Amino acid sequence: MSIAAKANTLWEYANPRKFLATSERVLPFFWMTSFVCLVVGLIWGFFFTPDDYKQGSTVKIIYLHVPAALMAINCWLMMLATSLVWLVRRHHVSALAARAAAPIGIVMTLIALATGAIWGQPMWGTWWAWDPRLTAFLILFLFYLGYVALWEAIEDSDTAADLTSVLCLVGSVFALLSRYAVNFWNQGLHQGASVMRAAAVTGADTEEKVSNIYFYPLLVCIIGFVLLFIALVLYRTGTEIRARRIKALLARERLNG
C-alpha cells in the first residue's frame, strides 16, 4: 500500500461514525491493559523495590510523578497535532479530540505538580522553587485552564476550535520548555532527564540513569499511563461527538418548531 493510500485510510477515521465504531471496539483492550499495567507497576514499585540510599522511601514517588509529567507534556503535544489537523483539514473529530484531551492534561499536570512538591520538600527543603522547569510546567498548567475556559466561553464550536487551536500553538512553547528547560539553563533545582538516558561521563561529572531496580517498574507504570490516556481520550472524544450531535439536533428542533 502506498503512502498516499495509507494516509487516505487514516483520514477515514475523521468520519465521526467510523471513529465511534472503532473506538468502541478497541476501548475494552485499552481499559484492561492500562489497569493491569498500573496495578502491576505501582505494586511492584511501591512494595517490591528498596529504599534509595540517598532519598529513602521518597524515591517511590517517581512511579506517579514521572509518568504524570510525561503525559502532561505529551497530552499538550497531542492537542497540538490534532489542532493543526483541524486548522488544515477542518476535521471536526480532531478538534473534539483536542478538547477531550485537555481535562486529562489538567489532571496529569496537577498530579505532577503535587507529587513534585511532595518529593521536593524533603530533598530540596522547600515545596516550591522558581526553577525554570517548574515555572514552565506551572505556566503550561495555566494554558490548560485557559484552553478549557476558551472552549466554554465561545458558543460557536468552529470559532472556539479555531481560537483554541491558536492558543495550543502558543502553549506548545511551554510544553517543550517544561521538557527541555534544564538543558537550556544550568540554574535550578530540578535534575536533568535521567530516566531514559544511559550513563554518560563528561570530564569529572557523571550522569547516571535510573537504576534498573527502579526503572523496570517505572517503565510498566509509564506504559500504564499511556494506555490509560489513550482510553480516556477515545472515551471522551466519543462523548464530545455525541454531545455535538445532540446540540445539532436540538438546534434543528428549535428551527423547525
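UniProt positions are given here in the numbering of the model, and the annotations behind them may be inferred rather than shown by experiment. With that in mind, the unreviewed UniProt entry lists "transmembrane region" for residues 26-49, 61-88, 100-120, 132-151, 163-182 and 213-235. The structure discussed below is a predicted model.

A convenient place to start is the overall fold. The protein chain holds 7 helices and 2 strands. Followed along the sequence, these elements come in the order α-α-α-α-α-α-β-β-α, with the strands placed between the sixth helix and the final one. Two of the spans from the UniProt record can be set against the computed secondary structure. Residues 100-120 are 100% helix and 0% strand, and 31 Å separates the C-alpha atoms at the two ends of the span. Residues 132-151 are likewise 100% helix and 0% strand, with end C-alpha atoms 29 Å apart.

Turning to packing, 40% of the 257 residues in the protein chain count as buried. Among contacts with a sequence separation of 6 or more, 75% join residues that are 24 or more positions apart. The protein chain exposes about 14400 Å², and carbon and sulfur atoms supply 67% of that area.

Thr115 offers a closer view of one of the helices. This residue lies in helix α4. Thr115 has a relative accessible area of 10%, and because buried means a value under 20%, Thr115 is classed as buried. Leaving aside residues up to four places away in sequence, Thr115 touches Ile61, Leu64 and His65. These three partners can be read alongside the UniProt list, in which residues 61-88 form one of the "transmembrane region" entries.

Empty space inside the model comes next. Rolling a probe the size of a water molecule over the atoms shows where such space is left. Searching the whole structure gives 1 cavity of 30 Å³ or more, and the largest cavity contains about 30 Å³ of space. Its lining is made up of Trp86, His92, Ala95, Leu96, Trp151, Ser157, Asp158, Ala161 and Arg244. Helices α4 (92-124) and α6 (157-184) each contribute at least two residues to this lining. Sorted by class, the lining of the largest cavity comprises 5 nonpolar, 2 polar and 2 charged residues. Helix α4 thus appears twice in this account, as the helix that holds Thr115 and as a contributor to the cavity lining.

Note on methods: Residues numbered from 1 in each chain as written. Predicted model: local features only at pLDDT ≥ 70, side-chain atom pairs only at ≥ 80, totals over all residues. Heavy atoms only, no water. Helix = DSSP H or I, 4+ residues; strand = E, 2+ residues; numbered from the N terminus. Buried < 20%, exposed > 50% of the residue type's maximum accessible area, 1.4 Å probe, protein only. Contact = heavy atoms within 4.5 Å. Areas by Shrake-Rupley, 256 points an atom, 1.4 Å probe, with all protein chains shown as cover. 1 Å grid on protein atoms, 1.4 Å probe; cavity = no way out; pocket = protein on both sides within 12 Å on 5 of 7 lines; lining within 4 Å. Points joined across faces, edges and corners; volume = space filled by probe spheres on them. Nonpolar A, V, L, I, M, F, W, Y, C, P; charged D, E, K, R; others polar.
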